[in-house]
Amino acid sequence: MTRLLAIIHSHWFSILWLGVIFLVTLVPLEATGERPSILCVLCGDGAIADSVLNAALFLPLGAALSVARWRRLGALALGAILSFGVETAQFSILGRDPSLSDLLSNTLGTALGIALVSSASTWWRPGPRMAQVLSVSAAIGTASVLVLTGILLRPSFPDETYYGGWTPRFGHLEWYGGRLVAASLDGLEVPSGVVARSADVRRHLLSGATLHVRAHAGPPPPGLAPLLTIHDRHQREIILLGIDGDELVYRYRTRAIAWGLDGSEIRVGGALGGIAWPGPLSLVVRQTPSGHCVRVNATEHCGLGYTVGTAWTFLLGTQPVSPGLKSVFNVFWLAALLFPVGLWTRFGRLSVAIAAFSVGSLLILPPAVGLLPTPRVELLGAFGGFLAGWASRAASARLCPTWGDLTTRAARDFPGE
């Protein structure tokens, strides 16, 4: 009994995280259709996002096993065996899609966790020279992420035959009970069914043409219901204009989606709150230098679009998240992005330059890459992340003066207890 209690004490986080893994991977989900090929690696929409999330799920397990003094190969083998067991169990669980890609991603995540602990003495408590290198690298990396966010949120419309959908029925979405009367892009009609002038529609979309829709309103749907869609012959969504309760939703195919990540969407809360059904409904979506403008009948909402904090949606964009929680995620994303900069920055002339560079990146880069100006709350989140990184380093120096020795010991090949 004493031996068992000792094992639980030394592996408490590993045991806790096993519960998290089982909860995330073995709970039944709503079936989404035919299962993809088991041997498929990085196939299908959102494949890169799924792989990153799978790796992130197993990363804490690898780190916890290393801290508990497991041998590296033993910890890696446990992660791989656990992943194989999970994927096998998913064959009999509704809505789960086991695949070789998931197995590889989970094992990679375990390996990354082991590597993080093995190198902790280098990246958590670096020497002065290494800290300078890391802080400069982190600041440049942050600026690169901001630029990449803008690039990934640009439209990506394949040169294919397009099809218009007027209040279409899709299994994964609600159906809108209203009736669409007309849809056009700067006068170019978007019909229901095959779009004969698909190349012209694509050019209009890429040039930022204004979308006009006339319809008769229906009852507020309980979830997202498309009013108008354009998709290609491979069923890839090009644009969607839909209604979710009293919210108006607009989204388009981005480079992030084309590169295997998740998509983002623009929501206008309460936009249809005063619309009586089956009354007339006029919708206009247009681009401006300061973001998108959406007009619902006589009411216009402008300044809509994406900020640098939106990057987390590349991994979780398909998850149902309330608008208020999305703003919180934006703040936490920027805090996490600036945390390493604060962790490695040492006060001095270089720190002033790094701070100025980081602030300048947040203020200057977003408009330059097509994003909205960084909101104040996101700037505060970035500043908070920087301070949290610096405070963590200072606190660890006071509370854990032997951290370097501890992580060095944990990095060795200890047998599991």
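Here is a walk through the fold of this protein chain, from its overall build to a few individual residues.

Keep in mind from the start that this is a predicted model. The mean pLDDT of the protein chain is 89, and 91% of its residues reach 70 or more. One stretch to treat separately is residues 408-417, over which pLDDT stays under 50. For that stretch the model has 22 contacts beyond four places in sequence.

Let's begin with the whole chain. Along the principal axes, its C-alpha atoms fill a box of roughly 70 × 60 × 40 Å. The chain has 14 helices and 12 strands, and 43% of its 417 residues count as buried. Among the contacts with a separation of 6 or more, 73% are between residues 24 or more positions apart. As for the surface, the chain exposes about 21,200 Å², with carbon and sulfur atoms supplying 65% of it. Its side chains include 31 positive and 25 negative ones, and the centres of these two sets lie 11 Å apart.

Now to the sheets. Six strands form an open sheet with antiparallel pairing, in the order 3-2-5-10-11-12. At its edges are strand 3 (188-189) and strand 12, each of which pairs on one side only. Moving inward, strand 2 and strand 5 (residues 211-216) run antiparallel and are joined by six bridges. To see one of these pairs on screen, find Ala182, whose bridge partner in strand 5 is Arg214.

At the other end of this sheet, four bridges join strand 11 to strand 12, again in the antiparallel sense. Here you can look for His292, which has Leu304 as its bridge partner in strand 12. These two strands form a hairpin with two residues between them. In the turn sits Asn297, with a positive phi of about 55°. Most residues other than glycine have a negative phi, and Asn297 is not a glycine. Is Asn297 buried or exposed? Neither label fits, because its relative accessible area of 30% makes Asn297 partly exposed.

Asn297 also leads us to a residue in strand 10, Ser282. Leaving aside residues up to four places away in sequence, Ser282 touches Val213, Arg295, Val296 and Asn297. Ser282 is itself partly exposed, with a relative accessible area of 26%. For a sense of distance, compare Ser282 with Glu160: the two are 122 residues apart in sequence and 29 Å apart in space, C-alpha to C-alpha.

A further open sheet is formed by six strands in the order 4-1-6-7-8-9, with antiparallel pairing. Strand 4 (193-194) and strand 9 stand at its edges; each has a single partner strand, so one side of each is left without a neighbour in the sheet. Within this sheet, strand 7 (residues 237-244) and strand 8 pair over six bridges in the antiparallel sense. Leu241 is a handy marker here, standing opposite Tyr250 in strand 8.

Follow the chain out of strand 8 (247-252) and you come to Arg253, in the loop that leads to helix 9 (255-258). What does the accessibility of Arg253 tell us? Buried means under 20% relative accessible area, and at 9% Arg253 therefore counts as buried. Its contacts, not counting residues up to four places away in sequence, include Arg154, Pro155, Ser156, Phe157 and Pro158. Also touching Arg253 are Arg236, Glu237, Ile238 and Ala258.

Two more loops deserve a stop. Thr167 lies in the loop between strand 1 (162-166) and strand 2 (179-185). Thr167 has a positive phi of about 40° although it is not a glycine. Thr167 counts as buried because its relative accessibility is 14%.

The last stop is a peptide bond. Most peptide bonds are trans, but the one from Trp277 to Pro278 is cis, with omega near 10°. You will find Pro278 in the loop between strand 9 (266-268) and strand 10 (280-288).

Definitions and conventions: Residues are numbered from 1 along each chain as its sequence is written. This is a predicted model: local features need pLDDT of at least 70, side-chain atom pairs count only at pLDDT 80 or more; totals for chains, interfaces and linings use all residues. Side-chain values use heavy atoms; hydrogens and water are left out. Buried means under 20% relative accessible area, exposed over 50%, partly exposed in between (1.4 Å probe, protein chains only). Contact means heavy atoms within 4.5 Å. Accessible areas come from the Shrake-Rupley method with a 1.4 Å probe; for residues, only the protein chains shown count as cover. Lys and Arg count as positive and Asp and Glu as negative; His and the chain ends are not counted. The place of a charge is taken as NZ of Lys, CZ of Arg, CG of Asp or CD of Glu. pLDDT is the predictor's confidence in each residue, from 0 to 100. Two strands pair if DSSP finds at least two bridges between them.
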